[in-house]
Structure formats: C-alpha cells, structure tokens
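Colleague: I would like to practise reading a model with you. Could you take me through a few features, with the general idea and then the case at hand?

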Amino acid sequence: PDFSIIYITRSYNDRTIKKDHIKKHLPKIFYAKTNAKNWKGEKPFFLNSKEYSVAHPSLGADGKTIYFSSDMPGGFGASDIWYCTWKNDKWSAPVNLGKEVNTFGNEVFPFIQNDSTLYFASNGLPGYGGLDVFVSKKRNGSWQTPRNIQKPVNSSYDDFSFILDASDTYGFFSSNRPEGLGSDDIYACKRLPISPEAKRAIIPKPKSFFVSGYVKDKSSLLPIAETTVYLLNTITGKVKVMRTNAEGYYTSVVDKVGSYVIKATQLNYISDCLSFLLTSAYTTTHPMIPRDLLLDKLEVNKVFKLENINYEFDKWNIRTDAGPELDKLVKIMMENPISVELGSHTDCDGTYLYNDVLTQKRAESVVKYIIQKGIAKERISAKGYGERKLINKCCDGIDCTPEEHKANQRTEFRITAISPILPQNSSYRVIYKDGDEIDRWLLPPDFFGNCTNK
C-alpha cells in the first residue's frame, strides 16, 4: 500500500521434475523493493515450486496478508485461492480459503478490497461460460457464498483479473471477448448507481449446465480412480480435462446445447469413449452421461477377441472390412507398453494339419498388417491354433448350427508382457491436469477416433 514493495507474476516455460518431463508454462511470484528511484533486489516468493503454480498476488490493506492462486496439493480443485499472513518477519504457511470459495474448477486472479471483499475469477461456479468474475464478502471471519457480478463485466468468454480503486467505483478487468483487439484485452469499468427500478427488478442468477458420469472396470464394474477423462466440444474444438475421484466420478461445466465426444484413458487399460448430444429439451441442469465409461484392464495372459475379422474360404489375406478393428489393436499398442501374441482360430471343418497351417498364415497376415502400421515386430508374434481351442462343443462328429461353428472362427490377441517403458508415440506421455481446457489439435489426430455411435 505504501508503494515500497511490488509483487508480480512471471510465467516460466519450465520442465517439471516429474518423470514425464513435460514442458509447461509455470507461473511463479516474485517481489522487489524500491529506493524511490528504481526497483532492486528481486526475490522469489517462498512458495514457488517446479511442481505447481503460484500466481496472481493481491495484498491486503496493511500489506500483511497476501492472497494468491495455486494448484498446490491440498486444494479442492484445479487452482484454488490461498492466503498467507506476515508474522515474525516472514510469511506464514498457506491457508486455503475453503470450499465456500473454491470449487473443482479454477479459481484465479484474486483481488482483495478493504480486507473484506474478495473479487476473483472462476470456471467452477455457475456463470455465463469460461471464466467469470465473482465476489465474496467476509462476515464474522468467514467468506460468504460467492456472487456472480453478471453482465456487462461477465460474458460467455473468459473474464478475469478484476480490480477496483479505493472508492469501489472505477476499475479494470481482462477479457477475450470477440470485440477486443487481440486475445486478452484490458477493459475499463465504472460502477453505476442502482436505480429504484433496478432494485425492484428480480435478476435471475445464471445457471451453469453440468454433465457427470462414472468410469468403471469393464469386468468387475468397480470404480477406477484417477482416470483422465477428455470431453470434446465438437463445435468449439475445445477439450475439457477431468480426473475421476475415488468413486470413479467426474463432472464438468458444458454448454447446454452441443455435440460432444467423451473419452476415458488410464495406463494399461483399453480406453472407452462415446459421443452424445445435448439439447435445450433437458429440464435438469446436471444430466448424466448416457452410460458409464468401461475400461478393460490389460493383464499378462489376458485374451481379447477382435471383432469382425473375417476371411474368404481357404484364404488368409486381410479384407478391407477388417481394417478398422485391427487399427484398434494398433492404437492400443501405440498407447500402452504391451507385447502380444496374435492368435487365429477356426472351426472343426477340415483336418488338424490343414487348419493349423491356415490359421498360422492368417495370424501372420494380421501381424504383418500391425507391423506395417508402425508397431515394432519384437512386440507381436503370430500363432495359428487351428481347431485346437474350440470355445464350444462343436468338434468333429458333433452336429452344430452354422452360428455355433462360426463362433470358433475368431481372431484374438493375448498379452504376453507389459513393459514399464511407454512407447515413444504414446499419448500418455502428454499429461494434462484436472480442470485444464485445451485445443483439440494438442491431442493426437486420431485420439477421438472410433468414438461415434457407441
């Protein structure tokens, strides 16, 4: 307040110290003192870290309390509002403002006014879309339920970094609304006196529209925690990233009307996805996803059947209609560090030797296809089982229907090994945090492939 110390946020394109070594913009807080002529002695804030962000400082009236945003451990969501107090010539341990202010989403850009009014931006509270500016009053030592300050400051775009002067009348904020000159622009604002008519008017509180769902193990139907869920808005091209809790539950704010694709991924699981539409016909503001996302665990010696792999009589060449199903196996192997045995099976028609040779050629054809798609040949082998592993009673001399015989004509893959080293082109090498919103092009081109009509 006496202009002797300045606190700033600086963004670094650091590498994290985690195993993935992913580059990311990591905000940190710094401060410097002035000697009335220039700033000098810049120092880092004591909470700066290579593992989480610390950003957007705002000082109380006496300079003894600092509010800031951080995604440090112990919060309620992606980024929370925290504060420290100045005691014994140092800042205290950080204190979270609590779940009354903080949500599962991002709470950022706090601004403290007269030590009793907190303005901040959030995408986890009911709003118009994107980041909205909210205000919370401190009463009897507790922060009250935040209130959306509504239009014209807030819009369906990102609105944030709201500040006011000491008179609580004039201020500024940032927004990426389309009428600006660039991406994020600075806007000035002025608080207008409330007319008697406006006081009598009932201003409806904007309601956010959420979707929720669960991720479960396909075999046991038990919830899978810490699963990454990607929600693509096919109209805007934006992808919201979520993480499931201990109950396998996830939720996100979305536009009420839109076309979406959702996908759940977990290392050493076969991912699951589906597409769905949201329409204005929904009467609830919090519908569930049409079905649970079910992930199939990859385990050594576990066998998976490849559907729709058909061959002409006495042939082993790959038919065109088999391509999409084989591409699923390619994708699984690209994402997960597994090695597999490709097994081909037939019914009991023909001799043992004939069927052994035929299925070996068919298995080798599939393996050749997989290798040509970029999978290392050391990770996949071919095995023709002929009629030696029938899955029903239909062996030689037993009358069966054509459908029962066809059930034995199948192509499967068996997990032979799981390596601790991820494939070079695995999408799991790129990890986003819960609450992130990213552009579609930041994910692999076929990331949401085969997700329609499921």
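Modeller: Gladly. Keep in mind that this is a predicted model. Let us start with a residue at the surface: Ile163 has a relative accessibility of 36%, so it counts as partly exposed, since that class lies between the cut-offs of 20% and 50%.

Colleague: Where is Ile163 found, and which residues form a nonpolar patch with Ile163?

Modeller: Ile163 belongs to strand 14, residues 159–164. Its partners in the surface patch are Phe172 and Ile186, and together the three have about 310 Å² of accessible area.

Colleague: Now the strands, please. How do the strands of a sheet pair?

Modeller: Strands pair through backbone hydrogen bonds, either parallel or antiparallel. For a case here, take strand 10 (residues 117–122) and strand 11 (residues 132–139), which are antiparallel and share six bridges. One pair to look up is Ser122, whose bridge partner in strand 11 is Asp132.

Colleague: How many bridges join strand 11 to strand 13, and how many join strand 11 to strand 12?

Modeller: Strand 13 (residues 147–148) is joined to strand 11 by two bridges and runs antiparallel to it; there, Phe134 faces Asn148. Strand 12 (residues 142–143) is also antiparallel to strand 11, with two bridges, and Lys138 has Trp143 opposite. Strands 11 and 12 make a hairpin with two residues between them, and Asn140 in that turn has a positive phi of about 55 degrees.

Colleague: How should I read the order of strands in a sheet?

Modeller: Follow the strands from one edge to the other. An open sheet of five strands here reads 23-21-18-19-29, and its pairing is antiparallel. Strand 23 (272–278) and strand 29 (437–439) are at the edges with a single partner strand each, so one side of each has no neighbour in the sheet. From one strand to the next, the twist averages 25 degrees. Inside this order, strand 18 (residues 228–233) and strand 19 (residues 238–243) are antiparallel over five bridges, with Leu231 bridged to Lys240 in strand 19.

Colleague: What is the pairing in the open sheet with the order 25-28-26-27?

Modeller: The pairing in that sheet of four strands is mixed. Strand 25 (303–306) and strand 27 (380–386) are its edge strands, each pairing on one side only. Neighbouring strands are turned by 30 degrees against each other on average, direction ignored. Strand 25 pairs with strand 28 (residues 411–418) in the antiparallel sense over four bridges, and Phe304 stands opposite Phe413 of strand 28.

Colleague: Which strands does helix 2 touch as it packs on the sheet?

Modeller: Helix 2 (residues 323–335) touches strand 25, strand 26 (338–345), strand 27 and strand 28, and its direction is at about 160 degrees to that of strand 26. Helix 3 (residues 352–372) packs on the sheet too, touching strand 26 and strand 27, with about 155 degrees between its direction and that of strand 27.

Colleague: Is Ile338 buried or exposed?

Modeller: Ile338, which lies in strand 26, has a relative accessible area of 0% and is therefore buried, the cut-off being under 20%. Leaving out residues up to four places away in sequence, its contacts include Ile332, Met333, Ile415 and Ala417. For a sense of distance, Ile338 and Thr145 are 49 Å apart, C-alpha to C-alpha, and 193 residues apart in sequence.

Conventions
Residues numbered from 1 in each chain as written. Predicted model: local features only at pLDDT ≥ 70, side-chain atom pairs only at ≥ 80, totals over all residues. Heavy atoms only, no water. Pairing = 2+ DSSP bridges. Axes fitted to C-alpha atoms, helices over the stretch in contact; angles between N-to-C directions. Contact = heavy atoms within 4.5 Å. Patch = residues over 30% accessible without salt bridge, like charges linked within 9 Å, V, L, I, M, F, W, Y side chains within 5 Å. Areas by Shrake-Rupley, 256 points an atom, 1.4 Å probe, with all protein chains shown as cover. Salt bridge = Lys/Arg side-chain N within 4 Å of Asp/Glu carboxyl O. Buried < 20%, exposed > 50% of the residue type's maximum accessible area, 1.4 Å probe, protein only.
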